[in-house]
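Good morning, and thank you for coming. I would like to take you through one structure, and I ask that you keep it in view while I speak.

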Amino acid sequence: QVRLVESGGGSVQAGESLRLSCAASRSSYCMGWFRQAPGKQREGVAAIRSDASTTYAAFVKGRFNISKDIDKNTLYLQMNSLKPEDTAMYYCAADLNFPCSLLRYDYNYWGQGTQVTVSS
């Protein structure tokens with residue numbers, strides 16, 4: 001069992017930055033960030049494995065950075081150059097096994113989400 005608690009969401013203007021955090025109750029092989037906008041399916045944003053290798057969705061490459069603090073069991077998502085289309089509920093997810101993709105069905109543990117709103 002892995003408990004996840006997100007924080008750091010908020011309302012910003014386009015072009016600004018936010019950093020999301022996710023406190024985990026234990027370490028996991030794979031941790032990821034997903035987002036879901038109203039009326040849309042939940043989509044993968046970024047994932048990081050225990051060896052620190054990462055995967056990003058094409059729509060955030062170069063703008064977002066996923067990282068983790070192993071000592072604190074905390075996952076981060078640094079979001080720069082935010083756009084109105086980044087507005088969504090952002091979820092932290094974790095899984096203990098492979099493959100660590102950006103597919104929601106590969107994750108067994110989820111946080112409650114933190115809202116990010118970007119205005120133009």
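I shall discuss an open sheet, then the disulfides, and finally a run of hairpins.

First, a word on the source: this is a predicted model, in which local features need pLDDT of at least 70 and side-chain atom pairs count only at pLDDT 80 or more, while totals for chains, interfaces and linings use all residues. Residues are numbered from 1 along each chain as its sequence is written, and side-chain values use heavy atoms, with hydrogens and water left out.

Let me begin with the open sheet. Its 4 strands are ordered β1-β3-β8-β7, and their pairing is antiparallel. Strands here are DSSP runs (E, at least two residues), numbered from the N terminus, and two of them pair if DSSP finds at least two bridges between them. β1 (4–7) and β7 (64–69) are the edge strands; each has a single partner, so one side of each lacks a neighbour in the sheet. On average, neighbouring strands of this sheet are turned by 15° against each other, direction ignored; the axes behind this angle are lines fitted to C-alpha atoms. Between β1 and β3 (residues 18–24) there are 4 bridges, and V5 stands opposite A23 of β3.

I turn to the disulfides, each defined as a pair of cysteine sulfur atoms within 2.5 Å. How many does a search of the whole structure find? It finds 2, and they follow the pattern 1-3, 2-4 when bonded cysteines are counted along the chain. One joins C22 to C92, with an S to S distance of 2.1 Å. C22 belongs to β3 and C92 to β9 (residues 88–95), 70 residues apart. The torsion about their S-S bond is about -75°, so this disulfide is left-handed. Both C22 and C92 are buried, that is, under 20% relative accessible area with a 1.4 Å probe, protein chains only.

The other disulfide is formed by C30 and C100, whose sulfur atoms are 2.0 Å apart. This link is right-handed, with 80° about the S-S bond. C30 and C100 are buried as well.

Finally, the hairpins. β4 and β5 pair in the antiparallel sense over 6 bridges, F34 having G44 as its bridge partner in β5. Their hairpin has 6 residues between the strands, and G39 there takes a positive phi near 80°. β5 (residues 43–49) has 6 of its 7 residues buried, so the rest of the structure largely encloses this strand. β5 also runs antiparallel to β6 (residues 54–56), joined by 3 bridges, with I48 opposite T54. In that hairpin 4 residues lie between the strands, and A52 in the turn has a positive phi of about 75°.

Notes:
Axes are lines fitted to C-alpha atoms, for helices over the stretch in contact, and angles run from 0 to 180 degrees between N-to-C directions. Buried means under 20% relative accessible area, exposed over 50%, partly exposed in between (1.4 Å probe, protein chains only).
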